[in-house]
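Let's walk through this one together, starting from the ligand and working outwards. Have a look at the model first.

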Amino acid sequence: MAETIFSRIVRGEIPCHRVYEDDRVLAFLDIGPLSRGHTLVIPKEPAETLDRLSDESAAALGRVLPRLVRAVMAATGAPACNVLQNNGRDAHQAVMHVHFHIIPKYPDGSGLGITWPAGRLDDEEGRRMAEAIRSRVAGD
Ligand code: 5GP
């Protein structure tokens, strides 16, 4: 995969406001925050998208994410937050290195704005889709 700015941040070639680091994970403040305290959590492994990430890095991220969410909310006083993870350019991913956004949501509305054009799941389509996903999870 192509080198990204996040690999350079992991190597310390580009500065960041670091909030957490271990063998597999780095967390730092987003340079273009949607709200105060907007934090990025990344694996050191340079996987482009979540589906390409190793189980080891995924486990390391999963272990520390709740702790980082607690820390961001405690430090900012935000009463709510969104955890966002974009995969692919069509899904708004700009930096092709897996990252989770922790975005505090404040009473003034600052934070992540979401449109959620919900449909209604058809029963037959639900049965087919669930089976299609189940069989792939089982075979992975
Ligand atoms: P994406 O749209 O890929 O999910 O989000 C990428 C995020 O990375 C953006 O919120 C952007 O502000 C942030 N970002 C891009 N370059 C840098 C950088 O050099 N330093 C930091 N701290 N954040 C960055």
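Start with the ligand, which sits in the largest pocket. Here "sits in" means that more than half of the ligand's atoms lie within 2 Å of the pocket's grid points. A pocket, on a 1 Å grid over the protein atoms alone, is an open set of points where a 1.4 Å probe fits, with protein on both sides within 12 Å along at least five of seven lines; lining residues have an atom within 4 Å of a point. One caution before going on: this is a predicted model, where local features need pLDDT of at least 70 and side-chain atom pairs count only at pLDDT 80 or more, while totals for chains, interfaces and linings use all residues. Residues are numbered from 1 along each chain as its sequence is written, and side-chain values use heavy atoms, with hydrogens and water left out.

Which elements give two or more residues to the shell around the ligand? They are α1 (5–10) and β2 (25–29), and α1 has the largest share, with three residues. Helices (H or I, at least four residues) and strands (E, at least two) are DSSP runs, numbered from the N terminus. There are 16 residues around the ligand, and D30, H92, A94, H99 and H101 come nearest; to count as near, a residue needs a heavy atom within 4 Å. By class, that shell holds nine nonpolar, six polar and one charged residues.

Now for the polar contacts, meaning pairs of N or O atoms within 3.5 Å. H92 uses a backbone N or O atom, 2.7 Å from an oxygen atom of the ligand. With H99 a polar side-chain atom does the job, also 2.7 Å from a ligand oxygen, and a side-chain N or O atom of N86 is 3.0 Å from an oxygen atom of the ligand. Taken alone, the ligand exposes 520 Å², and the protein buries 81% of that (Shrake-Rupley areas with a 1.4 Å probe).

Back to the pocket itself. Its volume, the space filled by probe spheres set on the grid points, is about 520 Å³. Of its 25 lining residues, F6, D30, I31, L40 and H101 are closest to the centre. The lining divides into 17 nonpolar, seven polar and one charged. α1, β2 and β5 (100–105) each supply at least two lining residues, with α1 giving the most, three.

Finally, zoom out: the chain has three helices and five strands, running α-β-β-β-α-β-β-α from the N terminus.

Technical notes
A polar contact is a pair of N or O atoms within 3.5 Å; within protein, one must be able to donate a hydrogen and the other to accept it, and residues adjacent in sequence count only if both atoms are side-chain atoms. Ala, Val, Leu, Ile, Met, Phe, Trp, Tyr, Cys and Pro count as nonpolar, Asp, Glu, Lys and Arg as charged, and the others, Gly among them, as polar.
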